[in-house]
Amino acid sequence: MDDRRCGRFTVSASQIGGLTQQHALAQLTPWSHHAPPIQSDEYQQRLEKARRLLHAQGMDALLIGAGTSLRYFTGVPWGASERLVAMLLTRTGDPVLICPAFEEGSLDAVLKIPVEKMLWEEHEDPYASVAHSMSARRARTLALDPVATFAIASGLAGHLGTASIADASAIVDGCRMCKSPAELALMQQACDMTLHVHRLAAGLAREGLGTDELVRFIDTAHRALGADNGSTFCIVQYGHATAFPHGIPGVQHLRDGELVLIDTGCSVQGYQSDITRTWIFGKPDAEQQRIWSLEQAAQQAAFVAVRPGATCGSVDRAARDVLERAGLGPDYRLPGLPHRTGHGCGMSVHEAPYLVRGNTTALAPGMCCSNEPMIVVPERFGVRLEDHFHVTEDGAAWFTPPSPAIDQPFA
């Protein structure tokens with residue numbers, strides 16, 4: 001096998017196939033270039049920005065439940081459950097952490113900011129604790145986490161009244177959409193790790209390779225490199241199954257002349273990667289080559305359209321213009337692009353802003369989005385090339401270099 005050095009790794013010159021499991025596993029050592037964690041002063045800056053946005057919205061308090069936003073503001077990496085764990089932020093004073101009393105020790109182990117605690121016992125109503133804390137700080141109106149469950153919203157309404165509760169999307173998105181240099185560094189590490197996993201996965205291609213085997217390898221690889229929890233998600237599809245944007249059930253086995261679509265990502269200190277590669281196993285036919293080249297052109301057109309002040313919708317339009325000039329679409333018709341061009345990414349794989357028609361949100365430095373104007377040819381195949389960019393002062397910068405060719409997935 002003809003090998004070439006690529007940084008700290010060895011990859012096959014052909015990129016597709018020719019790599020054994022043993023060889024691939026030997027290239028999976030813990031990542032050596034770690035981005036530093038978010039520092040305490042950055043957490044405080046986030047809270048202060050949330051307070052400014054709270055004031056601008058004319059609200060007195062903000063409630064953030066367990067999930068990615070709670071981790072963003074406090075460092076607490078807990079998922080939501082039936083027990084209320086939440087941060088109450090008012091215009092002044094330390095945040096209040098509402099938490100089951102028996103979880104206090106676990107909470108202390110992960111908190112990154114000073115807080116006042118409001119602990120509740122199993123038989124008590126935690127929403128009464130929120131109302132009590134608001135009353136003590138003379139807060140009457142509450143901006144509620146946009147991903148809060150109906151149970152949380154109704155529990156709060158029982159004490160505060162529905163008229164006192166509003167959507168906190170403008171506050172949460174206003175804080176999270178534009179990433180700091182520290183956040184960009186964590187996302188870059190996650191993207192670099194996932195791109196290396198993609199390279200090794202492509203190298204494993206062989207006749208008869210099962211999609212399940214590749215999924216297992218990709219998860220193992222992410223874990224070996226030091227991702228938070230292996231693969232955050234993983235889609236591997238061959239041939240006609242690539243025509244379904246998020247795949248179809250069942251194990252497929254690779255055959256000569258089939259397209260391979262792999263969409264996967266990982267988390268590094270809570271920050272996500274999300275990269276898709278589509279490549280050919282064997283030789284492409286004319287239609288596979290044509291559609292792949294159009295996908296590449298649409299992705300590049302969207303990237304060129306990115307600049308501060310441009311709307312999210314205009315980036316989606318740039319990609320669709322390429323496809324429509326080639327006779328695909330229009331709109332969401334197939335063959336063509338069945339969904340938006342991209343989504344924001346950060347602590348959630350999908351978050352604001354979204355590159356979709358009608359979205360008038362103006363792009364600003366620090367915003368991060370996927371660029372994936374997938375083309376679907378029904379009953380035959382689909383091609384998705386997905387890389388992420390972040391908005392700079394004068395345009396955009398890729399986290400990962402796009403694919404150069406259908407038979408050369410990596411630059």
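Ile 98 in strand β5 is the bridge partner of Ala 86. The model is a predicted one, and this pair is a good place to enter it.

**Strand β5 and its neighbours**

Ala 86 belongs to strand β4, residues 86–90, which pairs with β5 in the antiparallel sense. Three bridges join the two strands. Five residues lie between β4 and β5 in their hairpin. One of them, Gly 93, takes a positive phi near 85°.

β5 also pairs with strand β6, residues 116–120. Here the sense is parallel, and the bridges number five. Pro 100 stands opposite Trp 120 of β6. Helix α4, residues 104–110, joins β5 and β6 in a right-handed β-α-β unit.

How many residues of β5 are buried? Five of the five, across residues 96–100, so the strand is largely enclosed by the rest of the structure. Its side chains point two ways. Val 96, Ile 98 and Pro 100 point one way, while Leu 97 and Cys 99 point the other. Both sets are buried. Ile 98 thus appears twice in this picture: as a buried residue of β5 and as the partner of Ala 86.

**Helix α2**

Helix α2 covers residues 40–56, which makes 17 residues. From first C-alpha to last, α2 reaches 25 Å. That is close to the 24 Å expected at 1.5 Å a residue. The buried residues in α2 include charged names as well as nonpolar ones. Glu 42, Arg 46 and Arg 51 are among them, as are Tyr 43, Leu 47, Ala 50 and Leu 54. Just after α2, Gly 58 takes a positive phi of about 70°.

**Pockets and cavities**

The largest pocket has a volume of about 440 Å³. It is lined by 27 residues, and the closest to its centre are Gly 67, Thr 68, Ser 69, Arg 176 and Ser 348. Three elements give two or more residues to this lining: α3 (68–74), α7 (169–176) and β14 (351–355).

The second largest pocket holds about 280 Å³ of space. Its lining has 19 residues, with Ala 66, Ala 80, Ser 81, Arg 83 and Val 85 the closest to the centre.

A search of the whole structure finds two cavities of 30 Å³ or more. The second largest cavity has a volume of about 40 Å³. Its lining consists of Arg 320, Leu 323, Glu 324, Leu 328, Gly 329, Pro 330, Asp 331 and Leu 337.

The table sets out the linings by residue class.

| Site | Volume | Nonpolar | Polar | Charged |
|---|---|---|---|---|
| Largest pocket | about 440 Å³ | 13 residues | nine residues | five residues |
| Second largest pocket | about 280 Å³ | eleven residues | four residues | four residues |
| Second largest cavity | about 40 Å³ | four residues | one residue | three residues |

**Ala 205**

Where does Ala 205 lie? Ala 205 sits in the loop between α8 (181–203) and α9 (211–225). Is Ala 205 buried or exposed? Its relative accessibility is 7%, so Ala 205 counts as buried. The cut-off for buried is under 20%. Ala 205 and Gly 155 are 50 residues apart in sequence. In space, C-alpha to C-alpha, Ala 205 and Gly 155 are 53 Å apart.

Note on methods:
Residues are numbered from 1 along each chain as its sequence is written. This is a predicted model: local features need pLDDT of at least 70, side-chain atom pairs count only at pLDDT 80 or more; totals for chains, interfaces and linings use all residues. Side-chain values use heavy atoms; hydrogens and water are left out. Buried means under 20% relative accessible area, exposed over 50%, partly exposed in between (1.4 Å probe, protein chains only). Helices (H or I, at least four residues) and strands (E, at least two) are DSSP runs, numbered from the N terminus. Two strands pair if DSSP finds at least two bridges between them. A crossover is right-handed if, with the strands pointing away from the viewer, the path from the first strand over the helix to the second runs clockwise. The expected span of a helix is 1.5 Å times one less than its number of residues. On a 1 Å grid over the protein atoms alone, a cavity is a set of points where a 1.4 Å probe fits but cannot get out, and a pocket is an open set with protein on both sides within 12 Å along at least five of seven lines; lining residues have an atom within 4 Å of a point. Grid points are joined across faces, edges and corners, and a volume is the space filled by probe spheres set on the points.
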